[in-house]
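Open the model in your viewer and keep the selection box handy. We'll go stop by stop, with something to select at each one.

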Amino acid sequence: ISLPNRTVSAVQGIFASIAGLVIISSVEDIMHDRHWLTNAYALFGAPYFFYDTWAMYLAFVNSKDELHALPSSSRIKKFLLKNRLMMCHHIFLPIVYVPVIVWWRQGLGDFFVGCFYLFELAVPFISLRYILLQMQRKKSLIYAINGILLIAVFALCRVLLFPYLYWSYSHYRDINVLSVVTSIPKKCNIGCAFLLIMQLYWLSGIIRTAIRTVRDYVS
């Protein structure tokens, strides 16, 4: 993916994170307090995922000359197979997550939506990693520091976020954390479990990449 695409992704991640922090810090009642940024940013940010999908497809097609000779349907199939998890993420968010935020949740839980916006805090570090790779800076100090920060931020904002959400709700309801699982709708638990599994998969990949980088540097 080109440098401009990665730059756009980083900027979007920063904007989403700022929106999330503003929402979280502005509400007291985590279920009923509202903030105008919650729905506004969902509508503002949704087109980005369609743009990024198209940008990823163009980068994929232009990565190998032989792909240009294939029919469009074959190119799309190869692209989807190679990026199936990322495409699930890019399709799920604008088509499912945005309607849930704007309409289906009926104005409840702006705090939790703000927390999920913090998912994007890892994106600038992911983008910087790709930018440094394209600049042939894989063995630089900044690449190593960015890799450490990426693991830490990803783990904090995309993995540890889920226990924090359950703890916040338990504190709000004054119940045991384990009781939250049975006191909220099953669809909430299923959705969180699905998202958490995806984040753990990606985090393991980031860690494996970091280990390979250290081995290459040492050798």
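Where in α4 does a kink lie, and which proline comes shortly after? Select Leu 93: the helix kinks there by about 45°, shortly before Pro 94. The bend at a residue is the angle between axes fitted to the seven residues ending there and the seven starting there. Helices such as this one are DSSP runs (H or I, at least four residues), numbered from the N terminus.

Before moving on, some ground rules. This is a predicted model, where local features need pLDDT of at least 70 and side-chain atom pairs count only at pLDDT 80 or more, while totals for chains, interfaces and linings use all residues. Residues are numbered from 1 along each chain as its sequence is written, and side-chain values use heavy atoms, with hydrogens and water left out.

**The cavity**

Keep Leu 93 selected and add Phe 49, Tyr 97, Tyr 117 and Glu 120: of the 19 residues lining the largest cavity, these five are the closest to its centre. The space inside comes to about 280 Å³, and the structure holds 1 cavity of 30 Å³ or more. A cavity here is a set of points on a 1 Å grid over the protein atoms alone where a 1.4 Å probe fits but cannot get out, and lining residues have an atom within 4 Å of a point. The volume is the space filled by probe spheres set on the points, with grid points joined across faces, edges and corners.

Now colour α1 (3-26), α2 (36-61), α4 (84-104) and α5 (110-117), each of which supplies at least two lining residues. The largest share, 7 residues, comes from α4. By type, the lining has 15 nonpolar, 3 polar and 1 charged. (Ala, Val, Leu, Ile, Met, Phe, Trp, Tyr, Cys and Pro count as nonpolar, Asp, Glu, Lys and Arg as charged, and the others, Gly among them, as polar.)

**Aromatics on α2**

Show the rings of Tyr 41 and Phe 44 next. They form a tilted pair, 5.5 Å centre to centre with 55° between the planes. Rings of Phe, Tyr and Trp (its six-membered ring) pair if their centres lie within 6.5 Å; planes under 30 degrees apart count as stacked, over 60 as edge-to-face and the rest as tilted. The two residues sit 3 apart in α2, about one helical turn. Tyr 41 is buried at 8% relative accessibility, whereas Phe 44 is exposed at 55%. (Buried means under 20% relative accessible area, exposed over 50%, partly exposed in between, with a 1.4 Å probe and protein chains only.)

Move to Tyr 48 and Tyr 51, also 3 residues apart in α2. Tyr 48 is buried at 12%, and Tyr 51 is partly exposed at 33%. Then pick Trp 54, Tyr 57, Phe 60 and Phe 79, which form one aromatic cluster. A search of the whole structure finds 15 aromatic pairs.

**Two glutamines to finish**

What is the phi of Gln 106? Near 55°, a positive value in a residue other than glycine. Most residues other than glycine have a negative phi. You'll find Gln 106 in the loop between α4 and α5, exposed at 70% relative accessibility.

Last, follow α6 (residues 123-134) to its end: its 12 residues reach 17 Å from first C-alpha to last, close to the 16 Å expected at 1.5 Å a residue. (The expected span is 1.5 Å times one less than the number of residues.) Beyond α6 comes Gln 136, with a positive phi near 60°. Gln 136 lies in the loop between α6 and α7 (141-159) and is exposed, with a relative accessible area of 70%.

Key. 1 Å grid on protein atoms, 1.4 Å probe; cavity = no way out; pocket = protein on both sides within 12 Å on 5 of 7 lines; lining within 4 Å.
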